[in-house]
Amino acid sequence: MAFGSDDDNAAAGASTARLVVVSNRVPVPTGTGHKAAGGLAVALEAALKSHGGVWYGWSGRIVDGPPSPEPEQKRVGEITFAVLDLAQRDYDLYYSGFANRALWPVCHYRLDLIQIDGEDTEGYFRVNDAFATSLVPLLRPDDLVWVHDYHFLPLGKALRDRGAGNRIGFFLHIPWPPPDVASAMPAYATLLEALTAYDVLGFQTQQDAENFGRCLERDGFARHVADGIYETGGRRFLVKAFPIGIDVEAFRRTANRAVRNSVVQRFRASIGERRLVIGVDRLDYSKGIRERVDAFGCFVRSNPKVRGRVTYLQITPKSRSEVPEYRRMQEEVAEEVGSLNGSLGELDWIPVRYLNQTVNHASLAGLYRMASVGLVTPLRDGMNLVAKEFVAAQSPDDPGVLILSRFAGAAHELDGALIVNPYDIEATARAIARAYDMELEERQERWASMSARLPETDVNVWWKHFLSHLETPAAIPAGAETSTPPPAAST
Ligand SMILES: O=P(O)(O)OC[C@H]1O[C@H](O[C@H]2O[C@H](CO)[C@@H](O)[C@H](O)[C@H]2O)[C@H](O)[C@@H](O)[C@@H]1O
Ligand SMILES: O=c1ccn([C@@H]2O[C@H](COP(=O)(O)OP(=O)(O)O)[C@@H](O)[C@H]2O)c(=O)[nH]1
């Protein structure tokens, strides 16, 4: 089956329909002079500004009593931010429970970490229903609705059940595994059936889109009709890869200015002439941080000449700390770093600088640019924007080398990186050594090929591309229809 032979001309995004974006986190402006935080938030804000619209989701607040069913609304320019509070119990079941202890591990191929709990499952569907019930009165018949991520898999179906006839799209920011792994999800059949209610289902990579298509076909949830188009119950929908990216020009500009950034200057002074190896990740078991620390240790042990001459900076804000698997790995990583610094460090040299803090983009860009090596070695990752930011931040005259896990979505595009299997500690250590010693000419060649690819998935191209497909029902070219009978449905 083929997914997304590309009609990129469609990326014009000429729609005039109003847009309704739904995501768990909503960057509600806090005051005057507001600026959205991350690249994704900035891009979705740009999409909403160009169409006018509503950004709907969780307020970020947890309340003691029952939350109001009426969304709190705040209009800023062309965008209305509409958010619901969550009761503590609903947050525990829907977000910390089902989303982050069942869906997240399954989608990241970690069946050993999955927690299946009937109350979490019930809570997840109930919260999705509650979000749908409160959204329906805000919808106009012509609105385009764009739902984001694993928190809201059944939201489209819940909206349809409440009468929404709109075009509704869905984008999954995390991987979608093959059928044998995906079917370990609790309520798998209910989730898959619910997903067929969307008009467009977007994934980070071709592989994720294909995995999802195989789930649909293997278990009889839908029939493949042609080129990513599926059919069930008399309606058709599109399954396609829409790889996300960063705002390339904005990030390049930030990096160019970053030499003057005082945080970056202070850091430079503190490491002196030492070479910099950098990692930037949320503290998540999917990011492979422990394996990476081990690989760095192995690199130092097998290359005595680098002792005292290199600093590995790992910037790692804590994430989802209320989830036991995250708390456990936070302790494990801290222990690993402590043990490595204890055994390899010297009176005047600490090999790993480990920070549990969020660093802003302006400083990050400067740190990426200063680094000789960028370590992006997740065990599994939907895309990984850090990899793209690292490339965008480099100076063409003296670019650093990206070491990239083959299991990050970004590895499908950034072929100039040194691609590694992050489970193989010694091989990753050898890649660090190779990057550390790489000649300028090879570094420039590798960087140029990656840099040239960044604009293809620029985040503004990404949202225009997705919306152009959401606006226009997928047409099947004459003669392209397949005639495979639908496989028998399983429960
Ligand atoms: O909202 P949190 O629970 O604090 O988690 C933060 C976000 O993590 C995930 O990010 C993913 O999206 C990135 C952009 O598409 C992608 O590059 C990365 O590979 C994914 O892990 C999650 O999908 C978001 O919903 C969370 O807000
Ligand atoms: O201290 C930090 C750590 C991370 N980030 C940003 O958080 C995003 C992480 O996105 P990615 O796709 O790499 O992973 P996710 O955390 O979404 O799984 C990137 O834009 C990073 O620049 C940041 O601004 N400050």
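## Two domains

The C-alpha centres of domain 1 and domain 2 sit 31 Å apart. This is a predicted model, and its domain assignment splits the protein chain into domain 1 (8-245 + 461-471) and domain 2 (248-455).

Where the two meet, 15 residues of domain 1 are in contact with 15 residues of domain 2. On the domain 1 side, helix α2 (residues 88-107) gives the most, with three residues. By residue class, that side of domain 1 breaks down into six nonpolar, eight polar and one charged.

## Around ligand 1

So where does the ligand go? Both domain 1 (8-245 + 461-471) and domain 2 (248-455) give residues to the shell around ligand 1, so the ligand lies between them.

There are 13 residues around ligand 1, and the ones that come nearest are D149, H173, D381, G382 and M383. The shell is a mixed bag: five nonpolar, four polar and four charged.

## A β-α-β unit

Now for a bit of local architecture. Strand β12, helix α11 (residues 324-344) and strand β13 together form a right-handed β-α-β unit. The strands β12 (residues 310-315) and β13 run parallel and are joined by four bridges. Look for Q314, which stands opposite Y354 in β13.

Which residues of β13 are on its covered face, and which on its uncovered one? V352 and Y354 make up the covered face of β13 (residues 352-355), while R353 and L355 are on the uncovered one. That fits the usual pattern: in a regular strand, side chains alternate between the two faces of the sheet.

Notes. Residues are numbered from 1 along each chain as its sequence is written. Chains are lettered from A and ligands numbered from 1 in the order in which they are written. This is a predicted model: local features need pLDDT of at least 70, side-chain atom pairs count only at pLDDT 80 or more; totals for chains, interfaces and linings use all residues. A residue is buried if 20 or more other C-beta atoms lie within 10 Å of its own, exposed if 12 or fewer, and partly exposed in between; C-beta atoms are placed from the backbone. Helices (H or I, at least four residues) and strands (E, at least two) are DSSP runs, numbered from the N terminus. Two strands pair if DSSP finds at least two bridges between them. A crossover is right-handed if, with the strands pointing away from the viewer, the path from the first strand over the helix to the second runs clockwise. A residue is near a molecule or strand if its C-beta atom, placed from the backbone, lies within 6 Å of it. Ala, Val, Leu, Ile, Met, Phe, Trp, Tyr, Cys and Pro count as nonpolar, Asp, Glu, Lys and Arg as charged, and the others, Gly among them, as polar. Domain bounds come from an automatic or database domain assignment. Two residues are in contact if their C-beta atoms, placed from the backbone, lie within 7 Å.
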